[in-house]
Amino acid sequence: MKILFIGERDCLSSAILERLNKEDNDIFFLSEKPIETKKDEFRKYHKYVWPERKEEVNNILASITPDVVIYEGVGYLDA
């Protein structure tokens, strides 16, 4: 399953992403800041940085076509 996770890297997101990875999901992480991960932390893991232009967000969503979107945080509501 394709899962788009929108938020920052913290304890909550790490726990959620670890569980989703164990279930063999294809994980897309969209964050305001670049995300650092250990080399083999997640097998199916794609990282995106939140773009400044709204059109670019639409392009990311259209290219991913996620089955599920998990939204964590309020910092992205203005975009």
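**View A. Helix α1 lies across β1, β2, β3 and β4.** Welcome to this predicted model. Our starting point is α1, which runs at about 160° to β2. This helix spans residues 11-22. Follow the chain from β1 through α1 to β2 and you trace a β-α-β crossover, which is right-handed.

**View B. Four strands form an open sheet with parallel pairing.** In what order do the strands of the sheet lie? Reading across, the order is β3-β2-β1-β4. At the edges sit β3 and β4, each of which pairs on one side only. On average, neighbouring strands of this sheet are turned by 20° against each other, direction ignored.

**View C. Strand β1 pairs with β2 and with β4.** Take β1 and β2 to begin with: five bridges join them in the parallel sense. One place to look is Leu-4, whose bridge partner in β2 is Phe-28. Now turn to β4 (residues 68-71), which runs parallel to β1 and is joined to it by four bridges. Here Phe-5 has Ile-70 of β4 as its bridge partner. Is β1 largely enclosed or open, and why? Four of its five residues (residues 2-6) are buried, so the strand is largely enclosed by the rest of the structure.

**View D. Strand β2 also pairs with β3.** These two strands are parallel and share five bridges. Look for Ile-27, which has Tyr-45 as its bridge partner in β3. Strand β2 itself covers residues 26-31, while β3 covers 45-49.

**View E. Helix α2 has buried residues lining one face.** Which residues of α2 are buried? In this helix (residues 54-64), they are Val-57, Ile-60 and Ile-64. Seen down the helix axis, the buried residues of α2 fall within an arc of 60°, so they line one face. A general point helps here: an α-helix has 3.6 residues a turn, so residues three or four places apart point the same way. On the face turned away from the buried side, you will find the exposed residues Asn-59, Ala-62 and Ser-63.

**View F. Helix α2 lies across β1, β2 and β3.** The helix runs at about 155° to β1. What covers the buried residues of α2? Their cover includes β1, β2 and β3. To finish, look just past the helix: α2 is followed by Thr-65, whose phi is positive, near 45°.

Technical notes
Residues are numbered from 1 along each chain as its sequence is written. This is a predicted model: local features need pLDDT of at least 70, side-chain atom pairs count only at pLDDT 80 or more; totals for chains, interfaces and linings use all residues. Side-chain values use heavy atoms; hydrogens and water are left out. Buried means under 20% relative accessible area, exposed over 50%, partly exposed in between (1.4 Å probe, protein chains only). Two strands pair if DSSP finds at least two bridges between them. A crossover is right-handed if, with the strands pointing away from the viewer, the path from the first strand over the helix to the second runs clockwise. The arc is that of the directions from the helix axis to the C-beta atoms. Contact means heavy atoms within 4.5 Å. Axes are lines fitted to C-alpha atoms, for helices over the stretch in contact, and angles run from 0 to 180 degrees between N-to-C directions.
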